[in-house]
Amino acid sequence: EWMIYSFAGKNLSYPLDTFRFISSTLPIGVKLYVKEHTAYFPQRPLSFYKELKNIPNVVLIDRRENTFSLIDKSEGVISIGGTVGWESFVFGKTVIALNETWYSGLPGVVRINGIDELLQYMEKYTPNSEVSQSDIIKAIYCLYELGISDAVLSPKPNLLSEYNIDRFAEYFMSSIIASPKNINSSMNSIS
């Protein structure tokens, strides 16, 4: 999902240039799928989307597509700092972060500081993520222990209600980690 963030910096301030930059570094045969952030639609002019569709190796995705399904089918995700990077980590995907984020230090999250670094990374890129189930569970556990409010900007007060935490845990356990055996062994390894 693409959205303009105030912290994106001058190198990422114009989205079409950012997409051109990323597209120019992709290995042959790899496409960049771009999904407009729902908060930004329909704020951009139609000419923006027409120009976006003309960038080589870029495919514009309908903003109503299920983000989790897109992440699941991807080789990896490039993010400027949004929650899609965190969500991709939880799915075990490699994440390329174009800005410093609260999840930048996690395994499988690669912090890139410019076109030269992205070119070097893409030359060696393989879609095998360094993220293990244990890493994912540890990160979620730490996030829970720290309190989501310390990691996510301006959460809604009811986000941390017992009901919502239970719903998240239930979804995580049933959708992302398929085997109860893996859950038990991963939980035992948290230290």
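Start at the N terminus and walk along the chain: the elements come in the order α-β-α-β-α-β-α-β-β-α-α-α-α-α. That makes nine helices and five strands in the chain. What you're looking at is a predicted model. Of its 191 residues, 37% count as buried. And if you take the contacts with a separation of 6 or more, 56% of them are between residues 24 or more positions apart.

Let's begin with helix α1, which covers residues 15-23. Seven of its nine residues are buried, so α1 is largely enclosed by the rest of the structure. Those buried residues are Pro-15, Leu-16, Thr-18, Phe-19, Phe-21, Ile-22 and Ser-23. What lies over them? The cover includes the strands β1 (32-35), β2 and β3, along with the helices α2 and α5 (115-124).

One of those covering helices, α2, deserves a closer look. Two packed helices are described by the angle between their axes and the distance between the axes. Here α1 and α2 (residues 46-53) pack at an angle of about 10°, and their axes are 10 Å apart. An angle under 35 degrees counts as roughly parallel, so that is the label for α1 and α2. On the α1 side, the contact involves Pro-15, Leu-16, Phe-19 and Arg-20; on the α2 side, look for Phe-48, Glu-51 and Leu-52. Sort the residues of this contact by character and you get five nonpolar, two charged and no polar. Phe-48 has another partner too: Arg-44 lies over the face of its ring, 4.6 Å from the ring centre.

Move on past α2 and you come to Asn-57, in the loop between α2 and β2 (58-61). Most residues other than glycine have a negative phi. Asn-57 isn't a glycine, yet its phi is positive, at about 70°. Is Asn-57 buried or exposed? Its relative accessibility is 30%, so Asn-57 counts as partly exposed.

Next, find Ser-79 in strand β3 (residues 76-79). Ser-79 has a relative accessible area of 3%, so it counts as buried. Which residues touch it? Setting aside neighbours within four places in sequence, Ser-79 is in contact with Val-84, Gly-85, Ile-96, Ala-97, Leu-98, Asn-99 and Tyr-103. You can also trace from Ser-79 to Arg-111: they are 32 residues apart in sequence, and their C-alpha atoms are 9.9 Å apart in space.

Tyr-103 brings us to the aromatic rings. Ring pairs link Tyr-103 with Trp-86, Phe-89 and Trp-102 into a cluster. Counting ring centres within 6.5 Å as pairs, there are six aromatic pairs. One of them joins Trp-86 and Trp-102, with 5.2 Å from centre to centre and 40° between the planes, a tilted arrangement. This pair links distant parts of the chain: Trp-86 belongs to helix α4 (residues 83-90), while Trp-102, 16 residues apart from it, is in the loop between β4 (94-97) and β5 (109-111). How accessible are the two partners? Trp-86 counts as buried because its relative accessibility is 11%, whereas Trp-102, at 36%, counts as partly exposed. Tyr-121 and Tyr-125 give you another tilted pair, because their ring centres are 5.8 Å apart and their planes stand at 50°.

Conventions. Residues numbered from 1 in each chain as written. Predicted model: local features only at pLDDT ≥ 70, side-chain atom pairs only at ≥ 80, totals over all residues. Heavy atoms only, no water. Phe/Tyr/Trp six-rings, centres within 6.5 Å; stacked < 30°, edge-to-face > 60°. Helix = DSSP H or I, 4+ residues; strand = E, 2+ residues; numbered from the N terminus. Buried < 20%, exposed > 50% of the residue type's maximum accessible area, 1.4 Å probe, protein only. Lys NZ or Arg CZ within 6 Å of the ring centre and 35° of its normal. Axes fitted to C-alpha atoms, helices over the stretch in contact; angles between N-to-C directions. Parallel < 35°, antiparallel > 145°, perpendicular 65-115°, else oblique. Contact = heavy atoms within 4.5 Å. Nonpolar A, V, L, I, M, F, W, Y, C, P; charged D, E, K, R; others polar.
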